[in-house]
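Q: How should one read a ligand site and a domain contact in a model such as the one shown here?

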Amino acid sequence: MRAVVQHGTGGPEVLNLEDRPEPTRKAGEVLIRVEAIAVPFYETQLRAGLIPAGSEPAIFGHEAAGTIVEADDPAAVGRKAVVMSFTGGAYAELVVASRYTLVPEAISAEHAVAAAVPASMAVVLLRTANVVEGESVLVEAASGAIGGYLARLAKDRGARVIATAGAGKPVPDADEVLDHNDPDWRQEVPEGIDVLFESIGGPRAAELTTKLVPRGRILAYGLLSGEFPTYSVAALAARGLALIGFGGLDAYAEDVAAARAEALGLVADGTLNPVLDRTYPLADVAAAHARVQSREGVGKVVLIP
Ligand SMILES: NC(=O)c1ccc[n+]([C@@H]2O[C@H](COP(=O)([O-])OP(=O)(O)OC[C@H]3O[C@@H](n4cnc5c(N)ncnc54)[C@H](OP(=O)(O)O)[C@@H]3O)[C@@H](O)[C@H]2O)c1
């Protein structure tokens with residue numbers, strides 16, 4: 001089969017399309033013929049070596065959707081499914097997985113893969129933050145997938161949504177949008193934030209603690225700047241702030257995986273609308289990564305094997 005293999009860290013050119021042996025399914029696993037692969041921003045950081053990878057995978061990629069072609073349960077064969085693999089393997093024509101989520105028939109493989117991981121993250125983040133009607137939330141990078149879904153779900157709960165995005169990028173569910181490419185954007189954030197969904201990180205992230213209300217909550221789940229945020233206990237203690245960190249392979253990983261079906265249900269009923277930027281054939285993987293890294297588009301870049 002054709003698959004994308006990473007050779008070292010660096011620019012998009014370290015990703016090569018190659019012939020690889022087809023994976024074989026063990027009992028308990030399904031074999032999926034891949035129809036769509038997501039290219040989230042964090043994969044460009046992993047590829048470049050800007051954020052640590054557990055190990056260099058034989059086949060790159062984490063998020064794929066397609067049709068089950070082999071399974072223990074014959075009723076599963078022919079169904080559409082989405083998978084998330086922390087150990088790679090998604091940029092390929094076939095994947096095996098022990099954990100997968102069935103996709104409602106009305107959702108295309110492209111939309112399913114664009115939404116499954118970020119929407120399930122948003123569902124768990126919002127639930128963990130326990131946002132209630134009338135609260136003010138700050139959603140960083142709401143031009144991205146998780147941030148966009150967070151803005152929508154927070155709005156549905158009756159919150160006031162302050163969001164950040166690259167200049168001119170739409171955040172339909174925000175009451176106010178700040179340009180996070182302005183280095184001083186944090187100074188423009190209004191005071192009185194109840195919940196901060198922190199995904200940019202970096203050395204200036206802690207400036208936002210003064211914008212939160214006493215006993216405000218910070219959910220830190222990303223490092224789009226390349227670094228997690230750092231907070232002093234003194235800064236948190238000054239307002240009695242609660243800080244919860246999400247790292248991917250952490251105590252919340254099971255909750256996020258378990259929320260996948262709920263997230264796809266929210267797509268199926270129209271609550272969440274996956275936005276696609278461009279699709280590329282798998283052979284054009286370097287162009288797809290360059291597109292994501294350029295931050296010129298709006299929505300998910302998807303590879304088609
Ligand atoms: N903890 C977990 O379990 C977990 C799971 C999945 C993802 N994540 C993290 O969640 C974050 C968001 O992921 P996503 O899938 O929503 O992203 P995405 O859909 O790929 O979108 C990328 C977003 O990142 C923004 N961005 C990129 N570089 C930036 C920078 N230097 N400063 C500010 N914004 C920047 C872009 O903004 P513009 O282009 O508009 O400027 C865009 O909004 C990532 O850090 C990812 O690693 C965490």
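A: One definition comes before the ligand site: a residue is near a molecule if one of its heavy atoms lies within 4 Å of it. The model is predicted.

Q: Under that definition, how many residues surround the ligand, and which are the closest?

A: The ligand is surrounded by 26 residues. The closest are Ser143, Ala145, Lys169, His180 and Arg295.

Q: Which polar atoms of the protein approach oxygen atoms of the ligand, and at what distance?

A: Here the cut-off is 3.5 Å between N or O atoms. A polar backbone atom of Gly144 lies 2.8 Å from an oxygen atom of the ligand, and a polar backbone atom of Leu223 lies 3.2 Å from an oxygen atom of the ligand. Arg295 contributes through its side chain, where an N or O atom is 2.8 Å from a ligand oxygen. As for cover, the ligand has 930 Å² of accessible area on its own, and the protein covers 87% of this.

Q: Which domains does the chain have, and what separates their centres?

A: The domain assignment gives domain 1 as 2-102 + 275-304 and domain 2 as 118-245. Taken over C-alpha atoms, their centres are 29 Å apart. Ten residues from domain 1 and nine residues from domain 2 make the contact.

Q: How is the size of such an interface expressed, and what is the area here?

A: The size of an interface is often given as the accessible area lost when the parts come together. Between domain 1 and domain 2, about 680 Å² is buried, with 51% of it from carbon and sulfur atoms. On the side of domain 1, Gln45, Arg295 and Val298 lose the most area to domain 2, together 48% of what that side buries.

Q: What is the count of salt bridges and of polar contacts between the domains?

A: The count is zero salt bridges between domain 1 and domain 2, whereas five residue pairs are in polar contact, both residues at pLDDT 80 or more. The side of domain 1 that touches domain 2 has four nonpolar, two polar and four charged residues.

Technical notes: Residues are numbered from 1 along each chain as its sequence is written. This is a predicted model: local features need pLDDT of at least 70, side-chain atom pairs count only at pLDDT 80 or more; totals for chains, interfaces and linings use all residues. Side-chain values use heavy atoms; hydrogens and water are left out. Domain bounds come from an automatic or database domain assignment. Contact means heavy atoms within 4.5 Å. Buried area is the accessible area (1.4 Å probe) that two parts lose on being put together, summed over both. A salt bridge is a side-chain nitrogen of Lys or Arg within 4 Å of a carboxyl oxygen of Asp or Glu. A polar contact is a pair of N or O atoms within 3.5 Å; within protein, one must be able to donate a hydrogen and the other to accept it, and residues adjacent in sequence count only if both atoms are side-chain atoms. Ala, Val, Leu, Ile, Met, Phe, Trp, Tyr, Cys and Pro count as nonpolar, Asp, Glu, Lys and Arg as charged, and the others, Gly among them, as polar. Accessible areas come from the Shrake-Rupley method with a 1.4 Å probe; for residues, only the protein chains shown count as cover.
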